[in-house]
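Hi,

Here's the structure I promised to pass on. Have a look at it first, and my notes on what turned up are just below.

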2 protein chains.
Amino acid sequence: MKKQKIINGIDINRLAEIIDVIEKSPDLARFQFRAKNTWMNGGHSRSVIKSFYGGKQEDNTRSEPFILENDQPLIMLGKDKGASPVEYILNALAGCITNSIVYHATLKGIRINDIESELEGNIDLRNLFMKNNEIDNPEDNIKVKIRITGNELQENEKSFLCELGKKTSPVYKVITNAIPVELVVENELDPD
Amino acid sequence: MKKQKIINGIDINRLAEIIDVIEKSPDLARFQFRAKNTWMNGGHSRSVIKSFYGGKQEDNTRSEPFILENDQPLIMLGKDKGASPVEYILNALAGCITNSIVYHATLKGIRINDIESELEGNIDLRNLFMKNNEIDNPEDNIKVKIRITGNELQENEKSFLCELGKKTSPVYKVITNAIPVELVVENELDPD
């Protein structure tokens, strides 16, 4: 095993190794993430997130689950006990693009000082409150402003890294492509 | 103002009023949700979520922001300090479909006892770790199993409510349609 070399909090040799093994065995990159959600009351629901499959195995490294609370703000008749689902989408997109930028910068040996982003999700909620027919929302969109700094980072490298971050981000892909969602009504769910 | 009548934790008269005013003034349903994200280290980033625009005004009912931590699990070289971005997508989808079901059941005067859902996000992460060319992932998909109960709820109403929940969920729409995402590199972001 090669000596540890940490850039941007990532072990660059391990990252390069992972890319090599995925190139040889692409199935290692197939992941299945999971969530269990329970309605609490009104707009409030709670997700428990722990197990996942990846690298050709069930992962058992997490000792505790992550608990996420969804609610709606008061104006939408919620009790504001958690961020709203669309806000969770913005968080996922920010985290995923940022992570992709950091991994690709690390691979190129580029040290990052700061990455900050501001996101706007412009969403027409008429369908949620619809009475009759479904309305198309061609104006729905998400805008991301991103600031990235690094002592050795050239201006053209910033744009290049951000484009690469976008292009390689799984969540960016989920949002900008049409990903199929299958919904099945069941009388019993799997036990834990 | 009509007397309060609470079903499923929602004031049914206020919900009906909202639907009426949106019908007359559709701009009330245009929302802008926002997030600010800061890279911490490695795969770890943090979002701060507070302000939003909706109902033709800036909302100022939240006294404290929601703080969401993104990280990657160990196998992806993260430190597991938060759920991963794809897991946040699953939470958003679960919360949004559940909320849509509850609102539409409430409007019809149907009392719900339980809603539980299990989600799987099957995602190929090769692009995140890509060396050369982008790979299309036609096999990426999300599966949702949902269980809904209510003393007066007929079997055919369960399927009807779940279909309506899906059809009217803004997050379902974001994921299954291709929503444009604009990413701009800036040297300065807006102050708080």
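Helices α1(A) and α2(A) lie roughly perpendicular to each other, because their angle of about 100° falls in the 65 to 115 degree range that earns that label. This is a predicted model, by the way, so please read everything here with that in mind. To find the pair, look for residues 12–24 of chain A (that's α1) and residues 85–107 of chain A (that's α2); their axes are 9 Å apart. On the α1(A) side, the contact is made by Ile12(A), Leu15(A) and Ala16(A), while α2(A) brings Tyr103(A), Thr106(A) and Leu107(A). Sort those contact residues by type and you get 5 nonpolar, 1 polar and no charged.

Now hop over to chain B and its own helix α2, residues 85–107. How far apart should its ends be? With 23 residues at 1.5 Å a residue, the helix should span 33 Å, and the end C-alpha atoms are indeed 33 Å apart, so the two agree. Is α2(B) mostly enclosed or out in the open? Of its 23 residues, 22 are buried, so the rest of the structure largely encloses it. After α2(B) comes Gly109(B), which has a positive phi, near 75°.

Last, the two chains together. Turn chain B by 180°, with 0.0 Å of shift along the rotation axis, and it superposes on chain A with an RMSD of 0.0 Å. The two copies are thus related as by a two-fold rotation axis. They also meet through the same surface, because 100% of the interface residues of chain B are interface residues in chain A too.

Cheers

Terms used
Residues numbered from 1 in each chain as written. Chains lettered and ligands numbered in written order. Predicted model: local features only at pLDDT ≥ 70, side-chain atom pairs only at ≥ 80, totals over all residues. Axes fitted to C-alpha atoms, helices over the stretch in contact; angles between N-to-C directions. Helix = DSSP H or I, 4+ residues; strand = E, 2+ residues; numbered from the N terminus. Parallel < 35°, antiparallel > 145°, perpendicular 65-115°, else oblique. Contact = placed C-beta atoms within 7 Å. Nonpolar A, V, L, I, M, F, W, Y, C, P; charged D, E, K, R; others polar. Least-squares fit on C-alpha atoms with pLDDT ≥ 70 in both. Expected span 1.5 Å × (residues − 1). Buried ≥ 20, exposed ≤ 12 C-beta atoms within 10 Å, placed from the backbone.
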